[in-house]
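Trainee: I am new to this structure. Please take me through it by question and answer.

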Amino acid sequence: MFLTLSSSVLPLLPEKYPGKLQLIFRQQIQPWHPSSTLVHEAGAAVLRLSPEKFYPFSQRLFERQKEFFDVNVVKETRNETYRRLAKLAGEVGVDEKEVYGLLEIGDKPGEDGGLNVGNGVTDDVKVMVKVNRLTGVHVTPTVLFNGVVENSISSSFTGEQWKEWLEKNIK
């Protein structure tokens, strides 16, 4: 859906619907895909370091998403996957080392002795999850229109279907 939106829908919004529509892209972790957390953490790191690069990073990630599907990460450590994600962020102009610095999981207990120390974006991910729970988002993609889940829109929506839907619903 992201690729369809970015190629077919976003370009027409300023001209066709000026001031009538606001698009908010929220990350939604799919816990049944363990690598989903890692790619969303990378998005959070990019958003924190270079907010203006979040959409280009997301575009690149969606174009190459299969590289981060479960079967393609199962034989690497979490930090190895983070390194690849940081490199991807570097491809769109975000400092690769800084991204990895936010993502890396250390091998030492926290100051309080805790062993689930998380990383530099753990708190950001907690906020993402809380916001999505509050709005009733449980799967991706989920589209909300005027704050209400719009079940008629699916991940297979084409650019033409989006244009028709917008024409019908945006007054």
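Trainee: Which residues does S6 touch, not counting residues up to four places away in sequence?

Mentor: This is a predicted model, where local features need pLDDT of at least 70, side-chain atom pairs count only at pLDDT 80 or more, and totals for chains, interfaces and linings use all residues. Residues are numbered from 1 along each chain as its sequence is written, and side-chain values use heavy atoms, with hydrogens and water left out. Touching is contact, meaning heavy atoms within 4.5 Å. Beyond four places in sequence, S6 touches P11 and Q59.

Trainee: With which side chain does the side chain of S6 make a polar contact?

Mentor: A polar contact is a pair of N or O atoms within 3.5 Å; within protein, one must be able to donate a hydrogen and the other to accept it, and residues adjacent in sequence count only if both atoms are side-chain atoms. The S6 side chain reaches the backbone oxygen of L3 at 3.1 Å. Its side-chain partner, at 2.9 Å, is Q59.

Trainee: Why are the buried residues of α7 on the same side of the helix?

Mentor: Helices are DSSP runs (H or I, at least four residues), numbered from the N terminus, and buried means under 20% relative accessible area (1.4 Å probe, protein chains only). In α7, residues 96–103, the buried ones are V99, Y100, L102 and L103. They lie on the same side of α7 because the arc they cover around the axis, taken from the directions to the C-beta atoms, is only 160°.

Trainee: Which helices are included in what covers them?

Mentor: The cover of the buried α7 residues includes two helices, at residues 34–49 and 78–91. These are α3 and α6.

Definitions and conventions: Buried means under 20% relative accessible area, exposed over 50%, partly exposed in between (1.4 Å probe, protein chains only).
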